[in-house]
Each structure stands twice: as structure tokens, then as C-alpha cells.
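Biologist: Please take me through a close look at a single part of this model, dealing with the backbone before the enclosed space. I would like one connected account rather than a list.

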Amino acid sequence: MPEHSSSLVPLPDATFVVRDHAAGPESARPTQTGFAAGAVRVDLTPTCGDLEIAIEAPGVELSQVALRWHIPIPESRLILGDAWERSYGDLQWRYRQPEGVLPWSWLAYDPATGDSTGMGVRVRPSAFCSWSLDEDGITLWLDVSSGGVPVLLGDRRLAAATIVRTEGSGSAYEAQSALTEAMCDDPLLPDGPLVGANNWYYAYGVNFGPEEVLTDARTIVELADGHPVRPFSVVDAGWSVGGVAPGGPWTEGIPGLFDDMPGLAGRIRAEGARPGIWMRPAALSTVDDPGRLRPGPRPAQEQPLDLSRPDNLDVIGADIARLSGWGFELIKHDFSTFDHFGRWGFQMGRSQTEPGWAPGDRSRTNAEILLGLYRTIHDNAGSALILGCNVVGHLAAGLVHAQRTGDDTSGRAWERTRKMGVNTLAFRLAQHGRFFALDADCVPVTAATPWRRNREFLDLVARSGTALFLSVDPAQRTVEIDADLKAAVRIALDGGEPDGIEPLDWLHSTSPRRWRIGSTERRYDWLEPYGAGDDLD
């Protein structure tokens, strides 16, 4: 019988301190409670098999701490990590890669025996944590930078992270599920399946208004066909006075078009759907005081807020409370990782941002700054569900109900949906229900993408029980497409496949097509006759 369980996290054999990235790692000496290097103390406390890490650095700057175990990983094992925020079609099992960056966790699996072991940090740490595995051992890197410079902790004691470890035998998916569960014991989950309409992949933020929004609401209600679980209808980017990018301010809709946002929420509800709305909390199109903006490199059009400033968090909290007060029952917030770091997840390595820039409050780590944003949104959302997009899921688990775990699918190029949507569903499915409700992004129904492929993705997402949002161009509806959509929506509103699903060929593919669906196996056809293309929009 397959079994996986938590196991003892051993004390590291060595610890290194990086005061400044230019100086490199400095070896720390053992102490009674951990390790020390000058004024920097790294205390290690075993707790019920886990290992708590606390850091003190009075009067000195600190960028990173690295813990090293001389535990080699057998070369027969495949290795899987996670992603800093969303994944970008890049998650995969691979052999040891000493220079590889494995955010948050690592899992080693032996395909021949089914044996596995893994380590990770509990959700909501105060450091950006990544792992590296090589022939001689394992290293955990804790990045405690503030912006692009070392943090100044002062007299604070930083509860940096708690390490967990699992071991066992069984399938790779069972191993990943056990490790994921060990990292989070307090997920914030929606009160039922997340199913709905979202207009982004046919409207792309332009040429739509309240009537188009209401058409979306009627469409999803029609497809739900009287199901007792009410679907959502989400107004995506393009409703605010600042337009699509950077968007905001979030005080009103576009004059002459979205004049009455509370009224629109009420009209969506009157159609039988639950109203949802998109917003970008960490950037505004108009900022009266430039001192409120985040320092550092950024594109000219972007105006990201300094998230370390309490006055900015107050504004964001008021924005979230306003949207909830308007009657929107789901708030999808976007762009905050990019707005803070100036980078997308795929541009991050061991460090998340450009060096040299500092937020207003250098006493807080980047992880703490983002946690402050997520808590502000959570605490001001009222009864609205929170869906994070471009959010660091490992930090937001327990503070968002749902999480977009992969980069955008597409209403313009099927290849992007295959690369992004299938990959994130397969490689982060274990987080569903354990960290949050997983959202692999929308299923488009557009003239530019082949329905014969989208319907495959539709079926898999529906059966997975994860969030299912549809971007249905009204002009593309046919009797046949409506039948496919209605069947999938019914499955999704029922909660998906009762016995769950599991990727089967994911050890060898970034977009697995063989899946266990309940007690049967199904093969999905993701590829065009010529194979995979490069037509990513």
C-alpha cells in the first residue's frame, strides 16, 4: 500500500551568511543554538520533526543565509521543484542540476522503485526560499533582501522559515501531494466549486461595456442549466478609468460606459450569476505624490506603489473594501509580484529583482512586504472571495481562496494554452485544496483557437475540480460547442471527478496527455498535426 509521511528534518552540516551579494557567502561557526557569523545569528529549533529557522542581525546588513546538508541524492532520482509565482510552461521532472533554482520545495522520485523524499518550507515564510541539489548534498537559500539591497533587521528577530520533510513510496503525484500537505495546514478555500465566465480572452480589455458583461452572465447561467451552485461572471481588465495597463485608480468605472459599478454588480446578480471583478492593487495610473512610488527600474508606463509604506496599504485596503462594498463577490487581483520586483517569475533566478534599489522601509524583507499586501487585501475583502494572479502562491496560501498558478492561456493561439495551461494543471495540481483552489486559467472559445483542442483542455479542467472560467465569444457559440460547454460546466459545478485525476506521463513530458480520470485512463490530444509550434501570442 503506498505510504507517505513526515520525517525528521536533520540539522544542517554547515551554514553560510551573505551580507552583500558582491561579497559572496561567508562560513558561519556552530553555536549551541545554531550558527553565527559576526553579529549574524541563525538559530535552529527542532519542533515536532520540523526545523524552525530564526535570524538576528543587529547593526549589520544581510542578504542571504544558506543551510547545507551533506546528503547526496541518488542519481537515479528525478527532481521536481516549484515556481516563484506563476509557472510559465517550464515545470518538469529533471535529473540533478546543481545550478538549478528550486523555489520553495524539492521532491526526489525514483521511477523504478516508487521511493521518494522531499523537503520544503511551510507557507508564508519571511524569506524567499529556494533549494539546490547536487552530487554532494542539498542547500537551502533564504533570501532576506529588502528590494534589491540587504535588509536592516535592527534588533528584530526574524522567524524566517520552517522546514518540513516527507518520505514514502507510491506514485510521484502521491509523493507531491504529501509534501504539499505538509507545507500548509490552514488553507483558505472557497465555499464550493469555482465556475464562471471571464471576458478577457475574447475582449482583451477593449470594445466591451455593461451589455457585453451581462451577455457573459446570461451565457454562463444558461450553461449552468439550473445547477444549485451559482456560477460567477467576472469583469476583467478594461472597466477602470485608467484602461487596461497599468489601470486604476479603482474608485470608479470609465465615465460614460461603466458609470454605475454597484448597479452592474446588481444586474449580474439579477441574471443569476455571482459578480466578480479584476483589479491591479499595487499600481495606479495617477499618483499625486511621486514619493509613494517604488524606487528602482521599471518601464516608463508603470507606476508601482511602494508596498512597504503603510499609507499605500491603506489606499489598497480602501480599494478592496470599495469593490466588495459595490457588491462584487469575487475579487481577482493581479500584477503585484511584477509591480514590486519589476520582473516576471521566469526572469527570476536565485534573486527576484534588480540589485541596488531599496523600498521605503528597509527593515522588512521582500517576503514580509508582500505578505503585508496579501493580508491587507484579505482583511478588507469582507465576504468576497479572493483570487490571486501574478501572486506568490507560497506566500499567499491561507490568504487567498484561489490562485492562478500558471501564466496566461490564450484566445489567440492554442499553443500558449497547451504550454501554460496543461503544464500548470499537471505540475501544481497537488496544491489544489491544500494551498487554495487552483486556477489553471480560462478556457477560450474564439475564432482564432481550434475548438477541437480547447474542448480537450475544457474536459480536463472540469474533471480536475479546479476553477473553471470560460471566455466565450458570443459570435462563436454553436449547438455543438454549447453542448460541450454545458456538459463540462455540469461536471465542474458538481466538483469534478469524484475520485480525482492524476497525470501519468508527467515524468517524461511538460504537457502530459495520459491522465488517470477516476478509475480509468484517458489520453488527451494536445498537438497539432505538425506537433508543437511556437505561435505564442
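Modeller: I would start in the loop between α2 (200–203) and α3, which is where Tyr204 is found. What follows describes a predicted model, and the values are computed from it. Tyr204 has a phi near 50°, which is a positive value in a residue other than glycine. Most residues other than glycine have a negative phi. As for its surroundings, Tyr204 is buried, because its relative accessible area is 14% and the cut-off for that term is under 20%.

The helix that follows this loop leads us to an enclosed space. Rolling a probe the size of a water molecule over the atoms shows where empty space is left. The second largest cavity has a volume of about 60 Å³, and α3 gives the most to its lining, with four residues. At least two residues of that lining are supplied by each of β16 (195–198), α3 (210–224) and β24 (468–472), so one helix and two strands, as DSSP runs, are represented there. Taken residue by residue, the lining consists of Ala197, Asn198, Tyr202, Asp216, Thr219, Ile220, Leu223, Leu470, Ser471 and Val472. By class, six of these are nonpolar, three are polar and one is charged. The charged one is Asp216, because Asp counts as charged and Tyr, for instance, as nonpolar.

To set this part in context, the structure holds four cavities of 30 Å³ or more, and the largest of them contains about 130 Å³ of space. That largest cavity is lined by 16 residues, of which Gly81, Asp82, Ser105, Gln176 and Thr180 are the closest to its centre. Two or more lining residues come from each of β11 (105–109), α1 (172–183) and α9 (414–428), with α1 giving the most, namely four residues. The lining of the largest cavity divides into eight nonpolar, six polar and two charged residues, whereas the corresponding classes in the second largest cavity have six, three and one.

Returning to the backbone, there is a further residue to set beside Tyr204. Phe335, found in the loop between β19 (330–333) and α6 (336–341), has a positive phi of about 75° although it is not a glycine. Tyr204, with its phi near 50°, likewise lies in a loop, the one between α2 and α3.

Technical notes. Residues are numbered from 1 along each chain as its sequence is written. This is a predicted model: local features need pLDDT of at least 70, side-chain atom pairs count only at pLDDT 80 or more; totals for chains, interfaces and linings use all residues. Side-chain values use heavy atoms; hydrogens and water are left out. On a 1 Å grid over the protein atoms alone, a cavity is a set of points where a 1.4 Å probe fits but cannot get out, and a pocket is an open set with protein on both sides within 12 Å along at least five of seven lines; lining residues have an atom within 4 Å of a point. Grid points are joined across faces, edges and corners, and a volume is the space filled by probe spheres set on the points. Buried means under 20% relative accessible area, exposed over 50%, partly exposed in between (1.4 Å probe, protein chains only).
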